[in-house]
Amino acid sequence: TTHDSSANRAATMISNFASRHLIRASAASSRQGMMLRRTMATAETATSAPARSGGATLFQRLSSFLAGAGLTALGTQFYLYQEISSGNKLMISKQKELEQRIRSLEESK
């Protein structure tokens with residue numbers, strides 16, 4: 001079993017070395033490559049925990065809701081105006097047709 005564990009350690013070390021070598025070789029000239037090499041470092045460094053965000057405040061949520069509701073209201077008003085306007089034009093044309101039919105019927109008597 002000691003032979004197996006030492007073989008496993010050796011294989012892991014070779015695998016880690018090969019992985020690091022491939023990452024370094026493929027991203028050597030880019031900034032992202034520098035960041036990858038930094039994160040692949042074996043030495044542990046003391047880092048502080050990232051600051052936790054409490055999420056959006058009530059004012060932020062309320063203002064985004066009101067902005068969305070306002071834009072929706074404007075769009076709805078536009079479409080309602082178009083619908084009412086086209087409906088009115090249709091009703092006026094039907095009214096004129098009816099008046100003309102009645103006028104022609106009265107004249108024929």
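Biologist: Before we start, what do buried, exposed and partly exposed mean for a residue here, and which one fits Phe78?
Modeller: Buried means under 20% relative accessible area, exposed means over 50%, and partly exposed lies in between. Keep in mind that this is a predicted model. Phe78 has a relative accessible area of 46%, so its class is partly exposed.

Biologist: Thanks! Which elements does the protein have, and in what order do they run?
Modeller: There are 3 helices and 0 strands in the protein. Read from the N terminus on, the order is α-α-α.

Biologist: Where is confidence lowest in the protein, and where is it highest?
Modeller: Across the protein, the mean pLDDT is 78, with 57% of residues at 70 or more. The low end is helix α2 (residues 31-39), with a mean of 55. The high end, at a mean of 96, is α3.

Biologist: How much of the protein counts as buried?
Modeller: The exposed area of the protein is about 10500 Å², and carbon and sulfur atoms supply 61% of that. Of the 109 residues, the share that counts as buried is 2%.

Biologist: Which residues make the nonpolar surface patch of about 330 Å²?
Modeller: One member is Phe65, which sits in helix α3 (residues 58-108). Exposed means over 50%, so Phe65, at 55% relative accessibility, counts as exposed. The patch is made by Leu62, Phe65 and Leu66.

Biologist: Happy to hear it! How are the rings of Phe78 and Tyr79 paired: stacked, tilted or edge-to-face?
Modeller: A search of the whole structure turns up 1 aromatic pair. The ring centres of Phe78 and Tyr79 are 5.4 Å apart. Planes over 60 degrees apart count as edge-to-face. Here the planes are at 65°, so the pair is edge-to-face.

Biologist: And is Tyr79 buried or exposed?
Modeller: The cut-off for exposed is over 50%. Tyr79 has a relative accessible area of 57%, so Tyr79 is exposed.

Key. Residues are numbered from 1 along each chain as its sequence is written. This is a predicted model: local features need pLDDT of at least 70, side-chain atom pairs count only at pLDDT 80 or more; totals for chains, interfaces and linings use all residues. Side-chain values use heavy atoms; hydrogens and water are left out. Patches are made of residues with over 30% relative accessible area and no salt bridge: like charges are joined within 9 Å, nonpolar side chains (Val, Leu, Ile, Met, Phe, Trp, Tyr) within 5 Å. Accessible areas come from the Shrake-Rupley method with a 1.4 Å probe; for residues, only the protein chains shown count as cover. A salt bridge is a side-chain nitrogen of Lys or Arg within 4 Å of a carboxyl oxygen of Asp or Glu. Helices (H or I, at least four residues) and strands (E, at least two) are DSSP runs, numbered from the N terminus. Buried means under 20% relative accessible area, exposed over 50%, partly exposed in between (1.4 Å probe, protein chains only). pLDDT is the predictor's confidence in each residue, from 0 to 100. Rings of Phe, Tyr and Trp (its six-membered ring) pair if their centres lie within 6.5 Å; planes under 30 degrees apart count as stacked, over 60 as edge-to-face and the rest as tilted.
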